[in-house]
Amino acid sequence: MDVGIVLPTKDEPRWVQDETRFKEALKDTDYSVEILFSQGSSAKEKENVDALIAKGIKVLIICPHDGNAAAAAAEAAKKEGIKVISYDRLITNTDAVDYYVTFDSIAVGEAQAQYLVDKAKGKGNPLYLYAGAASDNNAFLFFEGAWNVLQPKIADGTFVIKNSSEAVALQNKPKLTRDEMARIIGQITTNWDFNEAKRRAEDNLTAAKKEDKGNVFILAPNDGTARAIADAFAADKDVTSYVVTGQDAEKASVQYIIDGKQSMTVFKDVRTLVKDAIAMAKDLLQGKEPETTGTYNNGKIDVKAKQTEVIVVDKNNVKEALIDSGYYNASDFTGIQ
Ligand code: GAL
């Protein structure tokens, strides 16, 4: 076996998308490749990596369920001389990672926040913040990007935070430490889970007063959680309108955007990430140095990385960004203009 690929879970459309795109991209190569899912468990992830090591892989492409916990799996591979490529999410606090392919995750957060800023009028706009799983290094990068753009607009009164006392306590601080972000994320995390996102939004709405609602602005970290949170806000009679962000251009959310139930998503063209990961693996299998565009510090080392840009999609450019680009077919949706 040449290459082993390990993805976090099959329970989220995002990673099923990556599996599909890998299979498409690999069908014309002569390399032997196996794709395994960790079903949201670091123990299962380690089991998967051990199984692939036993099959003699030379390159491991892995998107960690938990960035820290995955260090053990990466170290087991490295001990066998296997090259480790961190995929989309960074494995942290180990020197057993050789390369990283990713999207610009800080730009994702900045794009989500800028969309809210562009839609806001006047002062005192109610702002509800939600984040990804604290075990995912990307959740910190997304939040850092969002805070870069939102903090000045919170400090000048454009937005008023309604669901995080930790964020309110830090609202005059442009740059947050990892610990400060962890304190905020602890109060607003969705753990990338649809039901947890819905429950947290409903709890926030129950706790909020009527004057904390009306026309609200919601930072939702990805599409799965965005739909759950949007449904909760749409069901609240004191919410007049909402602007909600997203990420991943999941089909269900693209339909929500067409139907006006979600405002935007950040499109990450997984075809590019897959192409970059496979190109890196091929170079490594041929003993060549893969192309990279920069580095990411993972808490232990500076990991060489290849980063891809992201695209904002809302009602106005769904067709151009997702249909004309061949990412999806128009027949996947109803009401496309
Ligand atoms: C992130 C990833 C996102 C998102 C999320 C949930 O790490 O970059 O695209 O979907 O995980 O799995």
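Helices, in the sense used on this tour, are DSSP runs of at least four residues, numbered from the N terminus. The structure on screen is a predicted model, and the stops below follow selections that can be made one after another.

**First stop: asparagine 137**

Select asparagine 137, which is found in helix α5, the run covering residues 137–155. Since buried means under 20% relative accessible area, asparagine 137, at 10% relative accessibility, counts as buried. Show what surrounds asparagine 137 and, leaving aside its neighbours within four places in sequence, you will find it in contact with Leu90, Thr92 and Arg178. If you also select valine 310, the C-alpha atoms of asparagine 137 and valine 310 lie 18 Å apart in space, while the two residues are 173 residues apart in sequence.

Keep arginine 178 on display and add phenylalanine 140, because the next feature involves both: arginine 178 lies over the face of phenylalanine 140, at 3.8 Å from the ring centre.

**Second stop: helix α2**

Now select residues 42–54, which make up helix α2; its 13 residues should span 18 Å at 1.5 Å a residue, and the end C-alpha atoms are indeed 18 Å apart, which agrees. Which residues of α2 are buried? They are Glu45, Asn48, Val49, Leu52 and Ile53, and around the axis they cover an arc of only 135°, which puts them on the same side of α2. Turn to the other side of α2, and there Ala43 and Ala54 are exposed. The cover over the buried residues of α2 includes the strands β1 (3–7), β2 (33–37) and β3 (59–62), together with helix α3 (71–79).

Both ends of α2 deserve a look. At the N-terminal end, serine 41 acts as a cap, with a side-chain oxygen lying 3.2 Å from the backbone nitrogen of alanine 43. Just after α2, glycine 56 takes a positive phi of about 85°.

**Third stop: helix α8**

Move on to residues 194–207, helix α8, whose 14 residues reach 20 Å from the first C-alpha to the last, close to the 20 Å expected at 1.5 Å a residue. Colour Glu196, Ala197, Ala201, Asn204 and Leu205, which are the buried residues of α8; seen down the axis of α8, these buried residues fall within an arc of 165°, so they line one face of the helix. Thr206 and Ala207, on the other side of α8, are exposed. At the start of α8, a side-chain oxygen of aspartate 193 comes to within 3.0 Å of the backbone nitrogen of asparagine 195.

What do the buried residues of α8 pack against? Their partners are β6 (125–129), α9 (223–234) and β9 (239–244), and β6 and α9 lead to the next selection.

**Fourth stop: aromatic rings**

A search of the whole structure finds nine aromatic pairs. One of them joins tyrosine 128 and phenylalanine 233 in an edge-to-face arrangement, 5.1 Å centre to centre and with 75° between the planes. This pair links distant parts of the chain, for tyrosine 128 is in strand β6 and phenylalanine 233 in helix α9, 105 residues apart. At 0% relative accessibility, tyrosine 128 counts as buried, and phenylalanine 233, also at 0%, counts as buried.

Next select tyrosine 328 and phenylalanine 333, whose ring centres are 5.6 Å apart and whose planes stand at 70°, so that this pair is edge-to-face. Both tyrosine 328 and phenylalanine 333 are buried. Add Phe267 and Tyr327 to the selection, and ring pairs link Phe267, Tyr327, Tyr328 and Phe333 into a cluster. Over the face of tyrosine 327 lies arginine 21, at 4.3 Å from the ring centre.

**Fifth stop: aspartate 269**

With tyrosine 327 still shown, select aspartate 269, placed in the loop between β10 (264–267) and α11 (270–285). At 16% relative accessibility, aspartate 269 counts as buried. Its side chain makes a polar contact of 2.8 Å with the side chain of arginine 271, and, leaving aside neighbours within four places in sequence, aspartate 269 is in contact with Phe103 and Tyr327.

**Last stop: serine 253**

Finish at serine 253, which lies in helix α10, residues 251–258, and which counts as buried at 0% relative accessibility. Not counting residues up to four places away in sequence, serine 253 touches Asp223, Arg227 and Gln262.

Terms used:
Residues numbered from 1 in each chain as written. Predicted model: local features only at pLDDT ≥ 70, side-chain atom pairs only at ≥ 80, totals over all residues. Heavy atoms only, no water. Helix = DSSP H or I, 4+ residues; strand = E, 2+ residues; numbered from the N terminus. Expected span 1.5 Å × (residues − 1). Buried < 20%, exposed > 50% of the residue type's maximum accessible area, 1.4 Å probe, protein only. Arc of directions from axis to C-beta. Contact = heavy atoms within 4.5 Å. Polar contact = N/O pair within 3.5 Å; in protein donor to acceptor, adjacent residues only side chain to side chain. Phe/Tyr/Trp six-rings, centres within 6.5 Å; stacked < 30°, edge-to-face > 60°. Lys NZ or Arg CZ within 6 Å of the ring centre and 35° of its normal.
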